[in-house]
Amino acid sequence: MINNKSIFISFLVTSQICLPACVPTEPNNPQVLSDTVDSLSEDTHETDCLRTQYWFCPPHNAIWQKPVVVDICVDPPQIMSIGECVELFECDPTIFLQGEESCTTLEGFPGKRKKYCNKGQFQYGDCISPCSEEICDGIDNDCDGQVDEGQTNACGDCGIPPAESCDGADNDCDGQVDEDLVRECSTLCGVGVEYCEEGNWISCSAPYPLEEVCDGLDNDCDGQVDEDLNCNCTVNDVGTLFPCSEPPLLCGEGYKTCICVDDDCTELSVTPCSAICQYFPTDEECDPQIGQPIEDESCNNFDDNCNQLIDEDLVSSCYTGKEETLNVGICIAGEVYCNKGVWGNDKNGIFQPNLCSGEVLPADEDNCNGSDDTCDGVVDDGKELQDTDILFIVDWSGSMDSEITAVSQALGLFAENYSDEEVILWGFIKGPIMKLSSEELILVTDFVPFPEFSTEIGVPVNGTEAGSKEMLGDALYLVLHDISSTPFYPDKYKFKWKGSVSSTPDIQDFSVSWREDSNKVIIIFTDEILQTFMDPPAYLQNILDTASGVNNLKVYVFTPPVLDAKTSWEKVAIDTGGKWFELTYKVLPMYYNLIDILDENICE
């Protein structure tokens, strides 16, 4: 006689298909198994002969199992009970690729990712997006429905705005017309500069020819001095030689004299400047246009030493401030050189008469920088400098080319004016930097005195190293984590970077050496929104919560005035008592803003 239960076991093993009565229930229902064992214990079989085995069954969108209690002490084994189906896996492990679904990249771009079933559990591939960081190319790179947002210049075009021209138009789209336009101009008497106003060049500063007068000068700029004038000539001066260095003499020193025009000597005139041999002939050949060389060249637009050069190597110190301020505080003399008989210097490549280049004059106010800016002998107007740690975090991405150059120059000017090595310490972080296959956040220098900092901040920009994953939000969180009484993620050793992002030093060691009681100033330059690439993520609120636990902290940010790049960063600045400033490729506006930041933080 064939046992029906043996037939069922054979069918179950070979087909692994549930009976129609097999309905999914909660996984591993202990009550089902308990009831089964209890019922069997009343049978004639020993309970240690009972074994529970699990067999697979549909539905097809997941893998299910059911408990089957078998008596193994009889031959053949007999099924004593069959439990209900319970879920074992999330997915069918025989179907590896489960399809594709929408996702969002770490950078916030929409994309697609593959969905897999690995050993019964769902796993996902990388989120791949056709979108990328917005660049100025007339394409919606970041797939947000806007083209070139935050990338165009003030004129709405890509690249640097056009240079201003003297045409009555706002060529560089900065709201000003013909501003700061100057060029060289000249007259018979020399060179000068002129300025653009309403599309016209005006106000040439070059000297103009005047009527010749008896002053030993070439007033009408015709190459002759006091010509056709009987200057200082009386009957008693006839035959007296006067030294001269002027045309038609070509070089050196010559002489001229008064002569009578008529027999009665009622009218007198002056001879041209000629070599001494013209008046005292010798056996040697006389060239009346070659004078006696003078050892020291003078600033007179003349070849005094007969070396065929005019006014060569004539340089002098100058100072246009009050005499009592020279060499007091920051005030130092400048330099002028001689050009065609005129002292001056170059500005924007154009010689300007009377320009004292390089001089430092008293400032209107004494900045709090450890220096006597007003040159009155009192440093910082008697204010006391406070211990201040200043950390610069600079976006080194590809879209920051022009701005990084301006930032570097502004920081150079800024740092040179705040060089106190004991009171102020300086730190520098930049990123993203391309390093082989990753984009890296780099702690360039921890807090150090000014000389070390200035060496690092002055390194020229290398466009090939610029990355695109701006992890500046992560940098801000990491430098605050260790000193915050309210860090959002207490265990820093669980931190890691996502994707192809890395740091130097490693993320668990990424910190700076804040002094305990110092004013803590963080200055950030970026053209992108606050982003995070670390796990766990450093979202805006995480940063704000952590920053709230740091004493004496202020964060200042420089971003473009566009909404998406400004909103989150401005929130960080305001919540910490700092400020938002406009990021620009112009050096001086950023420099002046940096000065304001220091005045707010280092002086008491």
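A polar contact is a pair of N or O atoms within 3.5 Å; within protein, one of the two must be able to donate a hydrogen and the other to accept it. In this predicted model, one such contact, of 2.7 Å, joins the side chains of S518 and D389. S518 is found in the loop that runs between β23 (501–504) and β24 (519–525). With a relative accessible area of 1%, S518 is buried. Once neighbours within four places in sequence are set aside, the residues in contact with S518 are D387, T388, D389 and N552.

A second site of interest is the packing of two helices. Two packed helices are described by the angle between their axes and the distance between the axes. For helix α5 (residues 472–481) and helix α6 (residues 540–547), the angle is about 25° and the axes are 10 Å apart. Because angles under 35 degrees count as roughly parallel, α5 is roughly parallel to α6. The crossing in which α5 passes α6 is left-handed. On the α5 side, the contact is made by G473, L476, Y477, L480 and H481, and on the α6 side by N542, I543, T546 and A547. By character, the residues of this contact of α5 with α6 comprise five nonpolar and four polar ones, with no charged residue among them.

These two local pictures sit within a chain of 604 residues, of which 41% are buried. The chain contains eight helices and 27 strands. Among its contacts with a separation of 6 or more, 52% are between residues 24 or more positions apart.

Key:
Residues are numbered from 1 along each chain as its sequence is written. This is a predicted model: local features need pLDDT of at least 70, side-chain atom pairs count only at pLDDT 80 or more; totals for chains, interfaces and linings use all residues. Side-chain values use heavy atoms; hydrogens and water are left out. Axes are lines fitted to C-alpha atoms, for helices over the stretch in contact, and angles run from 0 to 180 degrees between N-to-C directions. Helices (H or I, at least four residues) and strands (E, at least two) are DSSP runs, numbered from the N terminus. Angles under 35 degrees count as roughly parallel, over 145 as roughly antiparallel, 65 to 115 as roughly perpendicular and the rest as oblique. A crossing is left-handed if the near helix is turned anticlockwise from the far one by less than a right angle, and right-handed if clockwise. Contact means heavy atoms within 4.5 Å. Ala, Val, Leu, Ile, Met, Phe, Trp, Tyr, Cys and Pro count as nonpolar, Asp, Glu, Lys and Arg as charged, and the others, Gly among them, as polar. Buried means under 20% relative accessible area, exposed over 50%, partly exposed in between (1.4 Å probe, protein chains only).
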